[in-house]
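Colleague: Could you take me through the charged side chains of this model, please? I would like a close look at how they pair and where they sit.

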Amino acid sequence: MNRVLGVLRVLGVLAVLAIAAAAPLVAHHEPLAKFDAKKPIRIRGVVSLVDWRNPHAHIFVNVASADKVNNWAVELESVVDLRSSGWRNDSVRPGETVTVEGIVARDGSSQVWAKTMTLARTGKPVFNVTLPAPPRAAARPTPRWPDGQPRLGPPPGETGYWGYPSATWLMQAGAAAVQADREGLLRNPADVDKVAPLQPWARGLYYLRQREFLKDDPIYQSCLPPGGPRMFQVPYGVQFMEEREHKRIWVFMGGANHNWRHIYLDGREQKGQISGDADNPLFFGRSVGKWEGDTLVVDIKDFNERFWFSNGGLPHTDNLHLIERYSRPDFNTLRYEVTVDDPGAYTGTWSSAWTLTWVPNEELPVYYCQDNRP
């Protein structure tokens, strides 16, 4: 009963947020989509406001010149990342003087992405973020249900989730080495031909998205869900809740907008249900799965085209068909494999794989899209 009540609370919160998402939103994004790396700036001024909210925290700074005072919005990393690095909303207070070095907004507005911020009264940097390393937990065997089937979630009496993906963007297996940041922005846009077997139109669209620094990413512009393998690439992890009595698995996501999907194991047909989504292509598609030994094999189709199915903006069509494979070779490792079949966007079927690390004794970080962000 407690588990059911917990799910209902989550669904209630998400329902409210889904209503809020009808308005234009901006969320956690590739910084270069908004800021120009070729335009460095240094400002010094007095803090007027600390805006401690996701998707990115902001410090507002009054900067005096000869004839006026300009109020600058200094953008920082997410509250989740700042807290994990030891910072709080009162680490800098209104009235204190700071010096900021960063890059200025592409649209010419008084916004700056902070590379460094120094507090005048101490002379020390503040709000610098060091991403934590994956946890190094003691080796343990794969947890299992009484019938021997592997558990994808925690054993009884424990908590945890999967995070720290070994790959944060999608590239075909066996491809030549390509470098990209954690948002999937290629260091060299000319590498698009190495990433996947793209059809000409899809290659052109992918290249455009890369050259525009991923600025039209639907997660970050409209808080739309990230279907497909992107769930296992975005920051803040995923969590499984296995309802064996209902033959379904909930997959909750920590990033984007705390979205979730179902994997059905009850042998149902892979089509919409008359009760609600009979003719409606979905952000997460329709997932039906079965266990093959210690591997969960999931078939997904009936996607819509309104989302990016990977970090970096690889295109897809409504013909997208995915085969996912989940395995847990030991307690601390989840292996995720995906085969991509989309004849509308690719010249052939291709695949990719990576691992996630178990984060013990923690729940998913609290992170939601929020509206009216500067």
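Modeller: Happy to; here is a walk through the salt bridges, then a charged patch and one polar contact.

Please keep in mind that this is a predicted model. The structure holds 21 salt bridges, and a few of them are worth visiting one by one. As a general point, side chains of opposite charge can pair when their charged atoms come close.

Let's begin with R121 and E96, whose side chains meet in a salt bridge at 2.1 Å, N to O. This pair links distant parts of the chain, with the two positions 25 residues apart in numbering. R121 lies in the loop between β5 (111–119) and β6 (124–125), while E96 belongs to the loop between α2 (79–84) and β4 (97–105). The two partners also differ in how they are covered: R121 counts as exposed because its relative accessibility is 56%, over the 50% cut-off. E96, at 12% relative accessibility, counts as buried, since buried means under 20%.

Next come R88 and D90, with side chains that meet in a salt bridge of 3.1 Å, N to O. Here R88 is exposed, with a relative accessible area of 51%, and D90 is partly exposed because its relative accessibility is 27%, which falls between the two cut-offs.

A further salt bridge joins K215 and D216, where the closest N and O atoms are 3.3 Å apart. K215 is partly exposed, with a relative accessible area of 35%, and D216 is likewise partly exposed, at 44%. Salt bridges can also share partners, and in this way E77, D81 and R182 are joined into one network.

Now for the charged patch. K38, K39, R106 and R211 gather in a patch of positive charge on the surface. R211, one of these residues, has its place in helix α4 (residues 200–211). R211 counts as partly exposed because its relative accessible area is 48%, and exposed would require over 50%.

Finally, a look at a polar side chain, N54. You will find N54 in the loop between β1 (35–51) and β2 (58–64). Although its place is in a loop, N54 is buried, with a relative accessible area of 7%, so it falls under the 20% cut-off. The side chain of N54 reaches the backbone nitrogen of V79 at 2.9 Å.

Notes: Residues are numbered from 1 along each chain as its sequence is written. This is a predicted model: local features need pLDDT of at least 70, side-chain atom pairs count only at pLDDT 80 or more; totals for chains, interfaces and linings use all residues. Side-chain values use heavy atoms; hydrogens and water are left out. Patches are made of residues with over 30% relative accessible area and no salt bridge: like charges are joined within 9 Å, nonpolar side chains (Val, Leu, Ile, Met, Phe, Trp, Tyr) within 5 Å. Accessible areas come from the Shrake-Rupley method with a 1.4 Å probe; for residues, only the protein chains shown count as cover. A salt bridge is a side-chain nitrogen of Lys or Arg within 4 Å of a carboxyl oxygen of Asp or Glu. Lys and Arg count as positive and Asp and Glu as negative; His and the chain ends are not counted. The place of a charge is taken as NZ of Lys, CZ of Arg, CG of Asp or CD of Glu. Helices (H or I, at least four residues) and strands (E, at least two) are DSSP runs, numbered from the N terminus. Buried means under 20% relative accessible area, exposed over 50%, partly exposed in between (1.4 Å probe, protein chains only). A polar contact is a pair of N or O atoms within 3.5 Å; within protein, one must be able to donate a hydrogen and the other to accept it, and residues adjacent in sequence count only if both atoms are side-chain atoms.
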